[in-house]
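Please look at the sequence and the model together, and follow the explanation below from one contact to the next.

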Amino acid sequence: MTSDLRHGAATDVGRRDTNQDFYLANPPLFAVADGMGGHRAGDVAARTAVEVLEAEVRKDHGALMEAVKAANRVIHEKAVSDPDLRDMGTTVTAMVVGDSSARIVHVGDSRAYLLRGGALSQVTQDHSVVARLVREGQIRPEDADHHPQRSVVERAVGVGPDVDVDVHTVGVEAGDRVLLCSDGLTGVLDDEEIERILEDENDPDRASKKLVEEAVSSGASDNVTAIVIDLPGGPGGGRARIVSRKRLAVFAAAVVALMLLALAAQAVIGTQYYVGENRGRVTIFRGVPANIAGFRLSRVVDRTDLETSSLPEAVRSDLEKGIDAQGVRDARQIIANLRDLRSGRGSPETSPSPGSTAPSPSPTPRSTGGTG
Ligand code: MN
């Protein structure tokens, strides 16, 4: 199941003449090697490291650290036997993915990151002068990126007859995503930017390309390489589940916000009254004449028989906005006043004016045919 890992890789020369970053994305093995030492030597060192790693791991998936040490021997022998390749070396950050864990080996200042639950953490520790100075508290982390010795590594594959290799084992959890990258990426993008891209771009191939593109467009002077690997997260892929877990959190937050809003609305509704309109009738409401996020902030207290159509236009528009009342009694007084307003206009079928018995016949002259 580790042979169908979703992954993507990208590299760019940056502003250099040649690209001495090499990578390998051949599941379950992934590796980044950033060569150093003269214009051809760095290229040979990085290429050799990747080739030896691949050959060794093919023989034994479990022997990743031994594979790095084997690469170290081969590179170092070439370096001491060929004056053109003297002092060459390379970083190696490599990973073999198993069913329940991933093994990461590391020498130099390339990096492995783990994105888990939306948070990015650096798995490897840079073997560089500035990283040591930061660890020792001699310089501040924020100054490391601009330090003149930021690209000086203290440990590299092939420089000496033997090499110390850092080994990390990462237990695989659903949705885990690993980034292997060269210092050309981390030299220009900070962890927040890397996290954002890894979070936003679900497809690992597009994520790796976007990381490299952003580094290059941000002015990367060094070669830039990124491999993004989605660790096996069970059926359906873990990444999708992480996203839906996030959506669930957003949904839950929205529900809580709406509940608080409803409580606030309830508090408002409990203390205020107004006279308004409901289905064509003058109505007493408790609350305020408003809607917030689909919540009506009022309740009907009493719907009278007084039809709004019987009222003057100006009053009807006041009713639409709501006429404030100090309480139910005040509201009834307002309605009594409205009834008086109405009597002037008259609405024959529902509102006979008090005092008048029956409409008097209009004094229209009877037509008599006009003859005479
Ligand atoms: Mn580099």
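In this predicted model, Glu214 and Arg196 are joined by a salt bridge between their side chains, with 3.5 Å from N to O. Because Glu214 belongs to helix H7 (residues 204-217) and Arg196 to helix H6 (residues 191-200), the pair ties together parts that are 18 residues apart in sequence. Neither end is hidden from the surface entirely, since Glu214 is partly exposed with a relative accessible area of 22%, and Arg196 counts as partly exposed as well, at 36% relative accessibility.

This contact is one of 22 salt bridges that a search of the whole structure finds. Another of them is formed by the side chains of Arg6 and Asp230, which meet at 3.0 Å, N to O. Here Arg6 lies in strand E1 (residues 6-12) and Asp230 in strand E11 (residues 224-230), so the pair ties together parts that are 224 residues apart in sequence. The two partners differ in their surroundings: Arg6 is partly exposed, with a relative accessible area of 40%, whereas Asp230 is buried, with a relative accessible area of 5%. A further salt bridge links Glu136 with Arg132, where the closest N and O atoms are 3.4 Å apart; in this pair Glu136 is partly exposed at a relative accessible area of 44%, and Arg132 is partly exposed at 27%.

The next topic is the metal site. The manganese ion has three aspartates as its protein donors, namely Asp34 (OD), Asp183 (OD) and Asp222 (OD), which lie 2.1 to 2.2 Å from the ion. Along the chain these donors follow the spacing D-x148-D-x38-D. Asp34 is part of strand E3 (residues 29-36), while Asp183 is part of helix H5 (residues 183-186), so this pair ties together parts that are 149 residues apart in sequence. Both Asp34 and Asp183 are buried.

Strand E3 also takes part in the largest nonpolar core, as the following description shows. This core has 31 residues, and those touching the most other members are Leu53, Leu64, Val68, Met88, Val92, Ala94 and Val157. At least two residues of the core come from each of strand E2 (21-26), strand E3, helix H1 (41-59), helix H2 (64-81), strand E5 (92-97) and strand E6 (101-107). Helix H1 gives the most to this core, with nine residues. As a general background, nonpolar side chains tend to be buried together in soluble globular proteins.

Nonpolar side chains are found on the surface too, where Leu248, Phe251, Val255 and Met259 form a patch with about 430 Å² of accessible area together. Of these residues, Val255 lies in helix H8 (residues 238-271), and at 33% relative accessibility Val255 counts as partly exposed.

A search of the whole structure for aromatic pairs finds one. The rings of Tyr274 and Phe285 have their centres 4.8 Å apart and their planes at 10°, and because planes under 30 degrees apart count as stacked, the pair is a stacked one. Tyr274 sits in strand E12 (residues 273-278) and Phe285 in strand E13 (residues 281-292), 11 residues apart, and the pair thus links distant parts of the chain. Both rings belong to buried residues, with Tyr274 at 6% relative accessibility and Phe285 at a relative accessible area of 4%.

The loop between strands E12 and E13 holds Arg279, a residue that has a positive phi of about 45° although it is not a glycine. Arg279 is exposed, with a relative accessible area of 69%. A positive phi, near 65°, is also found at Asp87, again a residue other than glycine. Asp87 lies in the loop between helix H2 and strand E4 (89-90), and at 58% relative accessibility Asp87 counts as exposed.

Two other loops complete the tour. In the loop between E2 and E3 lies Pro28, and the peptide bond leading from Pro27 to Pro28 is cis, with omega near 5°. The loop between E1 and E2 contains Gly14, which counts as partly exposed at 21% relative accessibility. Although Gly14 and Ser217 are 203 residues apart in sequence, their C-alpha atoms are 9.2 Å apart in space.

Methods:
Residues numbered from 1 in each chain as written. Predicted model: local features only at pLDDT ≥ 70, side-chain atom pairs only at ≥ 80, totals over all residues. Heavy atoms only, no water. Donors = N, O, S within 2.8 Å, 3.2 Å for Na, K, Ca; no water. Helix = DSSP H or I, 4+ residues; strand = E, 2+ residues; numbered from the N terminus. Buried < 20%, exposed > 50% of the residue type's maximum accessible area, 1.4 Å probe, protein only. Phe/Tyr/Trp six-rings, centres within 6.5 Å; stacked < 30°, edge-to-face > 60°. Patch = residues over 30% accessible without salt bridge, like charges linked within 9 Å, V, L, I, M, F, W, Y side chains within 5 Å. Areas by Shrake-Rupley, 256 points an atom, 1.4 Å probe, with all protein chains shown as cover. Salt bridge = Lys/Arg side-chain N within 4 Å of Asp/Glu carboxyl O. Core = buried A, V, L, I, M, F, W, Y, C linked by side-chain atoms within 4.5 Å.
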